[in-house]
Amino acid sequence: AMCDALRRLVLIPSGTSNKAGVGAGCREIYALLDGLPLERRILPQEVYGDMLIASVTPAERVPRILLAGHMDTIFPAESAFRGWREDEKNLYGPGVIDTKGGIVVGIFALKALAALELLRDLPVTWIFNSEEEIGSPVSQALFTTEAKRTAMAFVLEPGGSRGEVTTGR
């Protein structure tokens, strides 16, 4: 199921300047979150693709856990690096080892928490932004506002190819 979800996301061309493609990815992620106890809101954008916020509304006002994952890639629709390929060991395509892969892992982690009935009480907010590859000119204000009510944040972008964890930039 994870591989199928990743394949569907990777096959959507989503270079930052491809507003329609990033928007299609946003709607695909929205659908992947179906069945989870999350309030989901699509934030329409004028220039870049739409953004998505998904959150659990906790019973109490407590510091939140912020998750971040961008839906755009650096690859324009006409890039030579497009499509999906897999072999016995690896998966290949735009975003596989970038945040599209991280988004899929995060969604399935939330599904596991929901299956254990732990998600509905977890004060999590996830921002899926559409213009990270160019420095988040629109979503930066959204992240700044959300961070003020956050105890911790995790960007679901893979670390290094040897398993390194990125803790800052």
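Start by selecting α1 and α2 in this predicted model: the two helices pack at an angle of about 160°, with their axes 9 Å apart. An angle over 145° counts as roughly antiparallel, and α1 and α2 are therefore roughly antiparallel to each other. Their crossing is right-handed. For the contact itself, show side chains: Ala 5, Arg 8 and Leu 9 on the α1 side meet Gly 25, Glu 28, Ile 29 and Leu 32 on the α2 side.

Keep α1 on screen and add α3. The axes of α1 and α3 come within 10 Å and cross at roughly 140°. That angle makes this pair oblique to each other, and here too α1 passes α3 in a right-handed crossing. On α1, pick Met 2, Ala 5, Leu 6, Leu 9 and Val 10; what they meet in α3 is Lys 100, Gly 101, Ile 103, Val 104, Val 105 and Phe 108.

Now hide everything but α1, residues 2–10, and colour its buried residues: Ala 5, Leu 6, Leu 9 and Val 10. Look down the helix axis and you'll see these buried residues fall within an arc of 130°, so they line one face of α1. The spacing fits the general rule: an α-helix has 3.6 residues a turn, so residues three or four places apart point the same way. Bring the surroundings back, and the buried residues of α1 turn out to pack against α2 (19–32), β5 (91–92) and α3 (99–115).

Next stop, the interior. Which residues touch the most other members of the largest nonpolar core? Select Ile 29, Leu 33, Leu 38, Ile 103 and Phe 128, out of 27 residues in that core. The elements that give two or more residues to this core are α1, α2, β2 (51–55), β3 (64–70), α3 and β6 (124–129). Apart from this core lies another, of five residues, with Ile 53, Leu 66, Ala 68 and Ile 127 among them.

Zoom in on Phe 128. Skip its neighbours within four places in sequence, and Phe 128 is in contact with Ile 29, Leu 33, Met 51, Leu 52, Ala 54, Gly 69, Met 71 and Ile 103. Ile 29 is also one of the α2 residues that α1 meets, while Ile 103 is among the α3 residues that α1 meets.

Swing over to α4, residues 139–147. Colour Ser 139, Phe 143 and Glu 146, which are buried. Viewed down the axis of α4, its buried residues fall within an arc of 70°, so they line one face of the helix. Turn on the strands as well: the buried residues of α4 pack against β2, β3, β6 and β7 (150–155).

Is Glu 146 buried or exposed? Its relative accessible area is 11%, and buried means under 20%, so Glu 146 counts as buried. Leaving out neighbours within four places in sequence, Glu 146 is in contact with Arg 64, Leu 66, Thr 125 and Ile 127.

Finish with Leu 142, also in α4. Leu 142 has a relative accessible area of 23%, which makes it partly exposed. With neighbours within four places in sequence set aside, Leu 142 is in contact with Leu 43, Ile 53 and Ile 127. Draw a C-alpha to C-alpha distance from Leu 142 to Ile 127: the two are 15 residues apart in sequence and 8.5 Å apart in space. Both Ile 53 and Ile 127 belong to the core of five residues from earlier in the tour.

Notes
Residues are numbered from 1 along each chain as its sequence is written. This is a predicted model: local features need pLDDT of at least 70, side-chain atom pairs count only at pLDDT 80 or more; totals for chains, interfaces and linings use all residues. Side-chain values use heavy atoms; hydrogens and water are left out. Buried means under 20% relative accessible area, exposed over 50%, partly exposed in between (1.4 Å probe, protein chains only). Helices (H or I, at least four residues) and strands (E, at least two) are DSSP runs, numbered from the N terminus. The arc is that of the directions from the helix axis to the C-beta atoms. Contact means heavy atoms within 4.5 Å. A nonpolar core is a set of buried Ala, Val, Leu, Ile, Met, Phe, Trp, Tyr and Cys residues joined through side-chain atoms within 4.5 Å. Axes are lines fitted to C-alpha atoms, for helices over the stretch in contact, and angles run from 0 to 180 degrees between N-to-C directions. Angles under 35 degrees count as roughly parallel, over 145 as roughly antiparallel, 65 to 115 as roughly perpendicular and the rest as oblique. A crossing is left-handed if the near helix is turned anticlockwise from the far one by less than a right angle, and right-handed if clockwise.
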